[in-house]
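I opened the notebook to record what I looked up in one structure. The entries follow the order in which I went through it.

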Amino acid sequence: MRIERVLRDKGGEVVTIEPDANVGAAAKLLSDRRIGAVIVTAADGTPAGILSERDIVRELGRKGQGVLDQSVSEMMTSQIKSCAPSDALDHVLGMMTEGRFRHMPVMEEGRMVGLVSIGDVVKARLSELAMERDALEGMVMGH
């Protein structure tokens with residue numbers, strides 16, 4: 001299975017925020033939308049970075065609530081890895097596991113077309129494994 005299937009099943013909506021927004025506004029956006037990360041976009045709409053709930057909690061623990069007034073661009077991760085719609089689930093899961101991150105933009109021809117979480121990828125992979133198991137059981141049982 002490929003990432004394009006995951007996007008087709010979940011939809012391609014990506015929640016974004018501007019780099020000069022403050023971290024408090026980003027935290028509210030994450031809470032209101034019940035998501036774990038937001039893509040920080042440059043003026044042209046391309047991803048400039050990513051800010052996750054983990055990033056915010058880590059900095060709150062280190063520096064206190066004053067970080068909520070910081071700009072998103074000061075806290076975001078600017079070196080983000082991305083994948084393509086044609087990438088295989090196993091490949092993306094491996095990249096996310098090795099890199100220890102939970103969200104990945106999906107890029108096509110320089111344009112962001114979606115965002116997948118590790119939960120999305122694991123769910124799709126489990127579904128794929130269940131279908132393979134059912135097919136094998138069918139072959140063994142003569143169905």
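I started with the second largest pocket, in a model that is predicted. I sorted the residues of its lining by class and got 6 nonpolar, 4 polar and 3 charged. The volume of the second largest pocket came out at about 240 Å³. Its lining has 13 residues, and those nearest the centre are Lys-10, Glu-13, Val-15, Ile-35 and Leu-115. Which strand gives the most to this lining? I found that strand E5, residues 111–117, does, with 3 residues.

**Entry: the largest pocket**

I then turned to the largest pocket, which holds about 310 Å³ of space. I noted that 15 residues line the largest pocket. Ser-52, Thr-77, Arg-100, Phe-101 and Arg-102 are the ones that lie nearest its centre. Three elements give two or more residues to the lining of the largest pocket: strand E3 (47–52), helix H3 (53–63) and strand E4 (103–108). By class, I wrote down 5 nonpolar, 4 polar and 6 charged residues for this lining.

I added a remark on how such spaces are found. A probe the size of a water molecule is rolled over the atoms, and this shows where empty space is left.

**Entry: the whole chain**

I stepped back to look at the protein as a whole. I counted 6 helices and 5 strands. Read along the sequence, their pattern is α-β-α-β-β-α-α-α-β-β-α. The C-alpha trace spans about 65 × 35 × 25 Å along its principal axes. The protein has 143 residues, and 36% of them are buried. I also looked up contacts between residues at least 6 apart in sequence, and 53% of these join residues at least 24 apart.

**Entry: helix H1**

I looked at helix H1, residues 3–10, and asked which of its residues are buried. They are Ile-3, Val-6 and Leu-7. These residues lie on the same side of H1, because they cover an arc of only 95 degrees around the axis. On the face turned away from the buried side of H1, I found the exposed residues Arg-8 and Asp-9. Just after H1 comes Gly-11, with a positive phi of about 100 degrees.

**Entry: Asp-120**

I looked up Asp-120 and placed it in helix H6, residues 118–141. Which residues does Asp-120 touch, if those up to four places away in sequence are not counted? I listed Val-6, Lys-10 and Leu-115. Val-6 is one of the buried residues of H1. Lys-10 and Leu-115 are among the residues nearest the centre of the second largest pocket.

With the side chain of Lys-10, the side chain of Asp-120 makes a polar contact at 2.8 Å. The Asp-120 side chain also reaches the backbone nitrogen of Ser-117, at 2.9 Å. I then checked Asp-120 against Arg-102: they are 18 residues apart in sequence, and their C-alpha atoms are 9.8 Å apart in space.

**Entry: Asp-55**

Asp-55 is in helix H3. Is Asp-55 buried or exposed? Its relative accessible area is 8%, so Asp-55 counts as buried, given that the cut-off for buried is under 20%. I found a polar contact at 3.3 Å between the side chains of Asp-55 and Arg-58. Leaving aside neighbours within four places in sequence, I found Asp-55 in contact with Ile-50, Met-75 and Thr-77. Thr-77 is also one of the residues nearest the centre of the largest pocket.

**Entry: positive phi**

I ended with the backbone angle phi. Most residues other than glycine have a negative phi. I noted two residues that are not glycine and have a positive value.

Arg-100 has a positive phi of about 55 degrees. I located Arg-100 in the loop between helix H5 (89–99) and E4. Its relative accessibility is 72%, so Arg-100 counts as exposed. Arg-100 had already appeared among the residues nearest the centre of the largest pocket.

Glu-109 has a positive phi near 55 degrees. I placed Glu-109 in the loop between E4 and E5. At 83% relative accessibility, Glu-109 is exposed too.

How values were computed. Residues numbered from 1 in each chain as written. Predicted model: local features only at pLDDT ≥ 70, side-chain atom pairs only at ≥ 80, totals over all residues. Heavy atoms only, no water. Buried < 20%, exposed > 50% of the residue type's maximum accessible area, 1.4 Å probe, protein only. Helix = DSSP H or I, 4+ residues; strand = E, 2+ residues; numbered from the N terminus. Arc of directions from axis to C-beta. 1 Å grid on protein atoms, 1.4 Å probe; cavity = no way out; pocket = protein on both sides within 12 Å on 5 of 7 lines; lining within 4 Å. Points joined across faces, edges and corners; volume = space filled by probe spheres on them. Nonpolar A, V, L, I, M, F, W, Y, C, P; charged D, E, K, R; others polar. Polar contact = N/O pair within 3.5 Å; in protein donor to acceptor, adjacent residues only side chain to side chain. Contact = heavy atoms within 4.5 Å.
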